[in-house]
Amino acid sequence: MVVHGDSCAPLHRAMSSAATTSPSVDKVDGFSRKSVRKAKQKRSQSSSQFRSQGKPIELTPLPLLKDVPAPEQPELFLKKLQQCCTVFDFMDTLSDLKMKEYKRSTLNELVDYVTVSRGYLTEQAYPEVVKMVSHNIFRTLPPSDSNEFDPEEDEPTLEASWPHLQLVYEFFIRFLESQEFQPSIAKKYIDQKFVLQLLELFDSEDPRERDYLKTVLHRIYGKFLGLRAFIRKQINNIFLRFVYETEHFNGVAELLEILGSIINGFALPLKAEHKQFLVKVLIPLHTVRSLSLFHAQLAYCIVQFLEKDPTLTEPVIRGLLKFWPKTCSQKEVMFLGELEEILDVIEPTQFVKIQEPLFKQISRCVSSPHFQVAERALYYWNNEYIMSLIEENSSVILPIMFASLYRISKEHWNPAIVALVYNVLKAFMEMNSTLFDELTATYKSDRQREKKKEKEREELWKKLEDLELKRGLRSDGIIPT
Amino acid sequence: VADCCNPVSKMAGADGDDSLYPIAVLIDELRNEDVQLRLNSIKKLSTIALALGVERTRTELLPFLTDTIYDEDEVLLALAEQLGNFTMLVGGPEYVHCLLPPLESLATVEETVVRDKAVESLRKISQEHSPVDLEVHFEPLVKRLASGDWFTSRTSACGLFSVCYPRVSSTVKAEIRQHFRTLCSDDTPMVRRAAASKLGEFAKVLELDYVKSDIISLFTALASDEQDSVRLLAVEACVSIATLLPQEDLETLVMPTLRQAAEDKSWRVRYMVADKFSELQKAVGPEITKNDLVPAFQNLLKDCEAEVRAAAANKVKEFCENLPEDNREQIIMTHILPCVKELVSDTNQHVKSALASVIMGLSTILGKDNTIEHLLPLFLAQLKDECPEVRLNIISNLDCVNEVIGIRQLSQSLLPAIVELAEDAKWRVRLAIIEYMPLLAGQLGVEFFDEKLNTLCMAWLIDHVYAIREAATCNLMKLVEKFGAEWAQNTIVPKVLGMANDPNYLHRMTTLFCINALSEACGQEITTKQMLPVVLKMSNDQVANVRFNVAKSLQKIGPVLDSNALQTEVKPVLEKLATDTDMDVKYFAQEAISVLALA
């Protein structure tokens, strides 16, 4: 049964290695190669810790699944799942070594078993699988090691229990992808609460874990139609909290990547809910300080939306202009890049609607003293499609751009920028020589007019202030300060 | 009628200014393409309103502002703030409700700072509403916000319930309670967080019966929310709620939830409990503290997450101080001290340094004998800690111990700790220990200081980091203030003046900086007889930086000198420097001449 018309496309980028590589023994064991070991030692590790510490853990070894007759296998499979619910303290590297190794090999066995076996997935197995996965992966993430973890600068803190955790994720993905897997049974156990806890884990500092989570969530979104709206809403909440409350969430890029494939599958016409998501969530995501960490994924989502529904172009571009970076030049360069991606797919009718505010901003960027910003904006003139749009509308765009270009050609400190500006001016001259000559002729008088206006403004304010002063003196105590 | 009573508008009429400032011009200003200019205009909104007079502000300016609220958040923030101070500009409390429409729109904006400011302004002007206006205008606005579609308006509503509740009729009160209840179980966690953070404030204005019937159930629900960011806010509310309830109700209404929070699976919630522990302790009273909070506190001090242990360690002193006096000592000795002992050798340095910042305070509570027997070994262990911050925290609180057992008990261990910190590779650590020197000198006395610490203080003067040399200079001044001019003359001044011949010009300049700092504390005699000759001699230094610092020093010590020395010795030297080849030297020499009035 299809609840609504949306489908869920495969993840845009090459899916995580998680889904494709098999966890061979030496991959899991971090001590096989010297180079690996060295790299690992430098990184800090942490893990959320457990209340029941101290007592050594004892698990009774069970026979291998392949060593028992087929009819007994499902029963043994359940027992092994139950054993794997036991969670070990990996911050203590010396405790329970034997049992840790036993659980690791059991998990390895389970991974192989769900991949190759048939007929193991009895109805009783579903709750046990979900229970085992929940016991292992759901935990309160530990506090970040450094007070102000900066994902761009600092090495991430890795999850200490990864040797087990990775196998649990691996197992879960294979379970979800197994041919025998039936969502109609699983939905009793993989429910809203499960998904909510899964989403919280995306804040993990460990990139390996987020990679697995991405695959898991994508599979769940694909297979459980009843959870789709809920998943989207919860991602909304995570993003809103990230933008307006904490500015901290490690998994934004991964969630956006999943959303990219979700948006790809949206049915037309777009629902109001989806448009709201674009305008009220995706656009404000541009304001976050750490934009560079997820900008590529974000821009991809935005362009996906516009390819679906070109009438969204105007609100999107107005949104970007509203949140245009004021002080951060790196972010400005990113905005310009995204804008070019949008312009690449823009329809000429949409372009006309936003050209004025858009080129006022571009004109400001072109005259930025930061040469990378100016350069990035001037590169638009190398884009054939954008050039054709500018040419069609040169009578509107040229007057907006002219003053800045003219001034930079005389004043900019960076010779490369000046050279680029000359090219642009030349292009404009060829496009519309009459208007170009007119603007050149009136450049001086236009500037004088502007100066005069500026002076008038100042005078107005001076008069107002005098008035305030006069009244402030005469009616002392009446005017609130 | 209102206009006649208002001198502001009367004057606008009398001066005929209204026509001078047509609203169109002002609105043009508020619409200017340049954000900065728009921002400037908004910040002077009161000036605009003043020019317009109260009536036109109400009928023209406010509608314009309400309609055009799509702008940069920075502009909106300024607007939200301005409107909170606008009551007189619209004609006083009678018309204050005119400000509600623009503020209502601002309270629905996405950007948190804008919304918060709008709510702040709304709270402010709510007080200026008459009870009738509050019901007719303000309360409907709160209701609209509370049932808005997008989470932002509902979030804003949470902050407005408590300001109107006390002044409305009981029917409206019931409605407000209902709205608050709804928001506490809102679908979006953002709204639940806002509601949880206002729960305590709202409880305070409710009648006790409703606190028991309504608030407690909301509190319990929020404290077991699925999101830890909501649960931890309930802990804060717990303090206010517990304060409101009579003692006999606490056990059944509050304690189950508090116990649960102290053992929450999320460390953030446990951290919050630890962080609010002193407040909680006061709110629940001595009996519950003894039975419940003591074991809870022990658990927090032993928590598996360092973050939580550090927060709890910070509260050790306050918690012990506020224990009921009758068996305070017994509780501390048997329950708290064993945990504290473990924390001294914690694996995490933040935990140790949090403890070190309060542990000395325990000595006043436990008295001399217990301090010597039980605490002293801990202090000594922390003084030897590998982390400099721990040692510094101990040293910075020495005064507490001094009062109880005298500092001599510690001085043996103190000295190596101080010396090590004084030579720490991190200059910030060195800086921190310098700042405690005057305190230490006061506690240890002059003999101990001369014998052990004086060399250190002098060594800092030639540190390779300027900030250290500067702090060392300032330190000398404080020491002289403490020990007197005679001590300075015997111990410090000769060494400082000796540096005037150092081959390194930075050290020679340090002499000048020291003289600047010390002259006042040392007095006229020492300054004129011992310091001045050295300064004057340095006016021939080959490094220009030294020479212009001579000029600066002379300007500084001039007022301390007698007028004879000024005229006969200082004046010729400054005059010579004023003709120096270096322009900076000239500049400072001339400045000194004019300040000292020697021209």
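## Aromatic pairs

Across all chains of this predicted model, there are 36 aromatic pairs. One of them joins Tyr126(A) and Phe181(A) in a tilted arrangement, with 6.1 Å from centre to centre and 45° between the planes. Distant parts of chain A meet here: Tyr126(A) belongs to helix α6 (residues 125–137), while Phe181(A) lies in the loop between α7 (162–177) and α8 (183–186), 55 residues apart.

Are these two residues buried or exposed? Tyr126(A) is buried, because its relative accessible area of 1% falls under the 20% cut-off. Phe181(A) is buried too, at 7% relative accessibility. Both rings also belong to a wider cluster, in which ring pairs link Tyr126(A), Phe138(A), Phe172(A), Phe175(A), Phe181(A), Phe194(A) and Phe224(A).

## Charges over rings

Turning to chain B, you can find Arg58(B) with its charged end over the ring of Tyr95(B), 3.6 Å from the ring centre. Lys552(B) likewise places its charged end over a ring, that of Phe588(B), at 4.8 Å from the centre.

## Confidence

The model as a whole has an ipTM of 0.79 and a pTM of 0.80. For chain B, the mean pLDDT is 88, and 96% of the residues reach 70 or more.

Where in chain B is confidence lowest, and where is it highest? The lowest mean, 37, belongs to helix α1 (residues 2–5), and the highest, 95, to helix α10 (residues 151–158). Over residues 1–18 of chain B, pLDDT stays under 50, and the model has 29 contacts beyond four places in sequence for this stretch. Where pLDDT is low, the predicted coordinates should not be read in detail.

Note on methods: Residues numbered from 1 in each chain as written. Chains lettered and ligands numbered in written order. Predicted model: local features only at pLDDT ≥ 70, side-chain atom pairs only at ≥ 80, totals over all residues. Heavy atoms only, no water. Phe/Tyr/Trp six-rings, centres within 6.5 Å; stacked < 30°, edge-to-face > 60°. Helix = DSSP H or I, 4+ residues; strand = E, 2+ residues; numbered from the N terminus. Buried < 20%, exposed > 50% of the residue type's maximum accessible area, 1.4 Å probe, protein only. Lys NZ or Arg CZ within 6 Å of the ring centre and 35° of its normal. pLDDT = per-residue confidence, 0-100. Contact = heavy atoms within 4.5 Å.
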